[in-house]
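User: Could you take a close look at the salt bridges in this model for me? I'd like to know where the partners sit and what surrounds them, and then how that picture carries over to the places where the chains meet.

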Amino acid sequence: MLTRTGRHSNFKRAALASATGLAVAIALAACAPGSGSSGGSSGSQPVTTKFDTSKPVTITVDDGWGTTGTGATFANVIKRFEKKYPNVTIKRLTTDYNSYANSINLKVASNDPPDVLMLETAGYGQGFYNFVKAGDLLPLDAYAKAYNWDARFGGSAKLDVFKVDKSKGDLWGSGALYGLPEQTSMIGVFYNKKLMDKAGVTSIPTTFDQFESSLAAAKSKGIVGIEESSTYIHTEMALWDSFSTSAASVNNWIYGASGSFSAPANVKAAKTIQDWQTAGYFEPGASGESDSDAASAFFAGKSMYYIEGSWNSGSADTTFGANGGVFQLPSVSPQSPVGGGRSTPLVISAKSKHQAVDAAFLNYFVSAENTDYLFTQGWGVPGALVSSGTQATGPTSQTVLDDITKINSASGPGTTPFLDWASPTFGTALPAALQSMASGKTTPQSFTGTIQSSWIDFQKQRKS
Amino acid sequence: MRQPEGLLYVLPPLALFTLVILVPIGYGVWISLWNWDGVSQAKFVGLGNYIDALTDPTVASAAFHSIVLVAFYSAIPICIGLVLTGIIARHPLRLMGMWRVFLFLPQVLSVVVVGVAWQWLLQSDGPLNELLRLIGLGDLTRVWLGDFTWALPSEGAIGTWLMSGLCMVLFLSGAQHIDTELYDAAAIDGAGAIREFFTVTVPGLRRVIVVAAILTFAVSLNNFALIWVTTQGGPGNQTQVASTLIYTRAFVLEELGAASALAVILGIIVLAISAAISRLSSDS
Amino acid sequence: MRMSPAHAAIRYVFLAVVSALTIVPLLVVGITAFNAPGTPIAGVEFPRHFTLSAFASAWNAGNFASAFTSGGLVTIVVVVIVTAGSISAGYAFGTMRFRGSRVLFYVFLAGIVVPYVVLVVPIYLEFQSFNLLGTFWGLILPESGLYLAFGVFWMQAFFASLPTSLIEAARIDGASSLRILLQILLPLGRPAVTTLVMLTFLSSWNEYLVPLVMGGGGGIQTVSLGLASFQGQHLTDVPSLAAASIIVAGPAVLIYVLTQRSFFSGLLQGAVK
């Protein structure tokens with residue numbers, strides 16, 4: 001192969017060459033990475049609810065719903081919009097939900113971002129928060145006023161979850177509006193009636209003790225109690241909420257105002273997860289089961305319960321019909337909140353060159369016509385208000401709609417947002433920490449303590 | 001005789017290579033000196049990212065996991081290949097073409113196909129567990145890729161499956177070039193099969209072993225696709241390795257400076273070890 | 001030392017066992033593809049109702065038509081660039097002496113072992129500033145550069161193995177270096193070049209990380225990317241996943257089986273010499 005002679009001088013020469021190359025590269029990069037590139041919107045475009053319908057225009061819409069199920073419905077929504085505005089062509093980019101978040105991170109900051117995006121998080125969640133902070137998203141207040149979007153959601157306060165105040169240290173919950181939700185959800189316990197019968201559970205549990213007894217009953221009959229996914233977050237949310245006596249105690253923490261992740265109600269929630277896993281109420285290998293795996297397993301009849309978001313109601317209707325349903329995890333008080341709320345916003349890139357068209361698409365999406373259409377397609381409960389009398393796809397969807405209406409009413413207990421919206425790192429840190437804790441590798445106290453320290457660090461950093 | 005026009009032949013591919021490999025290396029080193037999320041202003045931190053990397057327990061555990069996988073991707077397949085060659089190769093084989101096609105097949109598949117296939121095979125209701133139940137070892141069943149203790153060894157096993165065929169094909173072929181006289185000499189000296197293996201076969205395959213070592217070592221550190229498709233580094237951080245850590249830092253957490261520092265460290269390690277391996281070979 | 005018949009038999013047993021361990025896992029997965037999509041599969045079982053419907057549904061749902069055309073285009077261009085560049089540089093490194101040839105050759109060699117994940121961030125940013133993300137060249141150029149390292153090494157080894165007398169004779173006859181390459185040496189290099197083309201084709205066709213990062217998230221689709229995305233949506237639909245895997249692996253395996261003779265002779269010549 002290569003001769004040995006002259007190797008030392010060759011290394012010296014190679015080193016010299018590399019050093020020269022490095023110097024050249026640095027000289028080319030000159031200033032700090034990224035300075036002088038991107039940032040800033042594409043000039044101010046007039047806010048209008050009408051746009052020129054004679055000129056053909058193409059906009060890109062990026063989402064993580066894939067091509068089947070929810071994704072297929074969204075494809076239909078796009079088709080219906082294109083039919084309404086024949087001069088608009090929508091180029092849709094989609095990939096599966098789990099890889100979507102990674103695929104858009106650096107795309108949004110690029111010189112040619114998608115015009116309209118769906119984001120999996122809001123609040124301080126990774127994605128929404130980073131994009132708002134960097135100025136990549138278009139504030140929607142002017143369009144909200146022009147289209148009167150507040151009315152579609154039952155008041156401006158309902159959209160607070162998608163507002164960030166950049167003048168107050170990126171404070172979440174007030175300020176400019178950045179997105180419109182596609183879903184209003186609640187975390188509930190989906191159930192498989194046939195398996196409940198087999199386990200000898202004759203009625204829906206109304207107290208927590210009854211719930212745990214039903215799990216034990218299932219276990220004794222060799223039935224998996226809860227199909228748990230490796231994220232564990234929604235189960236934790238459900239438990240923390242049902243052990244709390246008010247939405248404020250949980251919301252204060254998620255919104256970054258006050259409170260602690262190590263609140264007794266949450267430590268109890270963590271311990272419960274650990275106990276349930278040890279007792280074998282989850283399917284074996286929960287730490288490694290992906291979200292879609294868990295969903296498929298439950299709908300294939302492999303477990304009695306499935307603690308998840310109400311966006312599964314469409315699947316429950318089509319799969320189980322009258323033999324399925326959803327109930328709320330029994331709680332310690334009628335004022336105990338429910339996890340979920342409005343989520344998954346559609347947003348517009350600040351650099352979009354067709355802001356009026358993008359806003360028109362958003363407007364179409366939250367319109368009564370489309371919202372009712374989504375509800376009849378098993379979408380779950382859409383973000384905007386569903387017109388009364390709209391046909392649900394089945395008993396579960398109807399239950400969900402009724403429950404959510406009650407929860408969100410003036411006298412209802414209200415909802416708490418998703419836990420991973422409390423900090424940009426929680427989307428990856430929480431599942432990993434929960435997996436360790438659930439398997440008994442860490443104690444509930446040290447688990448909550450670690451997350452709490454991380455939360456404190458983030459709040460400091462955010463305000464600085 | 002010097003032929004300066006040689007440079008002209010080298011220039012076009014060199015230009016592309018510079019653009020796509022050399023400049024990024026330089027740029028990567030440059031970025032590693034900053035804290036940058038790809039969007040806002042970058043903050044100069046000098047060697048800060050390197051210090052963080054070397055003191056970060058996640059990095060340490062990812063490094064440990066990578067080393068474990070090197071054993072599975074490199075050391076074990078090479079041993080398997082050598083042992084098999086020792087047993088089989090002394091005399092010509094029939095149907096060699098057919099055996100080679102089988103053994104080398106995993107190398108032809110996309111790693112995503114390998115990942116998708118093995119993910120199902122190792123599932124809790126998948127064929128491996130069913131096989132265990134069938135032969136009465138039902139107690140050993142578990143969710144292999146989802147188990148805290150077994151996820152990393154399972155990833156390793158997939159790697160061993162993937163690379164063993166390559167090593168076998170390389171060694172079987174290389175063994176055909178070993179001078180039979182050496183074997184005769186060993187036999188005359190009264191060497192048994194095992195002595196023969198260590199004194200004739202292995203030394204005779206030295207060059208091929210080096211090639212196999214470098215190839216398998218490179219794959220073991222470049223296995224991002226396989227891990228990402230099967231476990232994404234989970235459960236917890238049990239299968240987080242050097243390559244997945246760099247990708248996660250860069251594209252999930254958007255810490256480009258930290259990711260680049262890790263990349264530089266990994267690059268240096270790979271180059272150093274490869275140079276060492278090839279130096280060991282020519283120093284004979 | 002003669003082999004006892006028992007020893008001879010044992011060799012084939014070992015070979016058969018190892019080959020089975022290699023192939024059987026793939027077969028077990030493969031046969032599930034002949035069930036209807038969505039059929040729950042528990043462990044190893046033959047399809048109860050043999051059908052090809054999973055292939056049709058996987059082809060559509062995974063958008064493989066676009067993956068094959070886009071991915072195919074990228075791969076073809078990559079193969080052309082890498083083959084031409086490797087022959088060119090390999091010829092120079094293998095037969096000529098010139099200033100800097102040693103250093104430059106080492107530089108190419110280093111590219112063989114450097115894991116792509118090390119380069120992924122700067123290449124991404126570099127191409128972002130050229131506005132090449134999500135374009136064909138955004139995939140073609142990085143892949144070509146990566147595979148050039150091995151290609152140059154491979155062709156250099158071939159050219160260096162040729163008898164110098166051959167080249168000397170042609171030079172004395174007054175042939176230019178280009179003529180020597182094209183008319184005399186290249187025809188001798190059919191096996192080496194064929195192997196290089198095959199290996200480059202396989203690498204590019206199966207590539208996952210480069211399209212993942214550079215493809216613009218759904219912009220340009222390649223088969224590996226399509227399969228991974230398909231997996232994300234259909235994680236428990238085993239027949240569809242198996243069908244999609246066969247669709248993706250099919251072309252490569254087919255070409256491999258059909259050209260295995262020359263492929264292996266070229267490959268092993270280069271690696272084992």
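Analyst: **Salt bridges and their surroundings**

Happy to. In chain A, the side chains of A:Asp160 and A:Lys163 form a salt bridge, with an N to O distance of 2.9 Å. Please keep in mind that this is a predicted model. How exposed are the two partners? A:Asp160 has a relative accessibility of 24% and therefore counts as partly exposed, since the partly exposed class begins where the buried one, under 20%, ends. A:Lys163, in contrast, is buried, at 10%.

That pair belongs to a wider set: over all chains, the structure holds eleven salt bridges. Another of them joins A:Asp62 and A:Lys107, whose side chains come to 2.5 Å, N to O. Here the partners sit in named elements: A:Asp62 is part of strand S1 (residues 57-63) of chain A and A:Lys107 is part of helix H3 (residues 97-108) of chain A, so this salt bridge ties together parts that are 45 residues apart in sequence. What about their exposure? A:Asp62 is buried, with a relative accessible area of 1%. A:Lys107 is buried too, at 11%.

Moving to chain B, B:Arg249 and B:Asp56 meet through their side chains in a salt bridge of 3.1 Å, again N to O. B:Arg249 belongs to helix H12 of chain B, while B:Asp56 is in the loop between helix H2 (48-55) and helix H3 (57-88) of chain B, so the pair links parts that are 193 residues apart in sequence. B:Arg249 has a relative accessibility of 12% and so counts as buried.

**The chain around that bridge**

It helps to see what B:Arg249 and B:Asp56 are embedded in. Chain B has 13 helices and two strands, and of its 284 residues, 57% count as buried. Its C-alpha atoms fill a box of roughly 75 × 70 × 30 Å along the principal axes. Among the contacts of chain B with a separation of 6 or more, 68% are between residues 24 or more positions apart.

How confident is the predictor here? The mean pLDDT of chain B is 88, and 98% of the residues score at least 70. Among the elements of chain B, helix H7 (residues 151-175) has the highest mean, 93, and helix H8 (residues 180-188) the lowest, 82.

The loop that comes just before helix H12 (242-252) of chain B, running from helix H11 (224-230), holds B:Gln232. As a rule, most residues other than glycine have a negative phi. B:Gln232 is not a glycine, yet its phi is positive, at about 50 degrees. With a relative accessible area of 44%, B:Gln232 is partly exposed. Chain A offers a counterpart in A:Thr344, also not a glycine and also with a positive phi of about 50 degrees. A:Thr344, however, is found in strand S11 (residues 338-348) of chain A, and its 7% relative accessibility places it among the buried residues.

**Where chain B meets chain C**

How many salt bridges are there between chain C and chain B? The count is zero. The rule does find 14 residue pairs in polar contact across this interface, with both residues at pLDDT 80 or more. From helix H1 (residues 5-31) of chain C come 15 residues of the side that touches chain B, the largest share. By class, that side of chain C is made up of 70 nonpolar, 17 polar and six charged residues.

In terms of extent, 93 residues of chain C contact 89 residues of chain B. The buried area between the two chains is about 8100 Å², and carbon and sulfur atoms give 76% of it.

Chain C itself has 13 helices and zero strands. Its C-alpha trace spans about 70 × 70 × 30 Å along the principal axes. Of the 273 residues of chain C, 57% count as buried. Residues 24 or more positions apart make up 72% of its contacts with a separation of 6 or more.

Terms used. Residues are numbered from 1 along each chain as its sequence is written. Chains are lettered from A and ligands numbered from 1 in the order in which they are written. Side-chain values use heavy atoms; hydrogens and water are left out. pLDDT is the predictor's confidence in each residue, from 0 to 100. Helices (H or I, at least four residues) and strands (E, at least two) are DSSP runs, numbered from the N terminus. Contact means heavy atoms within 4.5 Å. Buried area is the accessible area (1.4 Å probe) that two parts lose on being put together, summed over both. A salt bridge is a side-chain nitrogen of Lys or Arg within 4 Å of a carboxyl oxygen of Asp or Glu. A polar contact is a pair of N or O atoms within 3.5 Å; within protein, one must be able to donate a hydrogen and the other to accept it, and residues adjacent in sequence count only if both atoms are side-chain atoms. Ala, Val, Leu, Ile, Met, Phe, Trp, Tyr, Cys and Pro count as nonpolar, Asp, Glu, Lys and Arg as charged, and the others, Gly among them, as polar. Buried means under 20% relative accessible area, exposed over 50%, partly exposed in between (1.4 Å probe, protein chains only).
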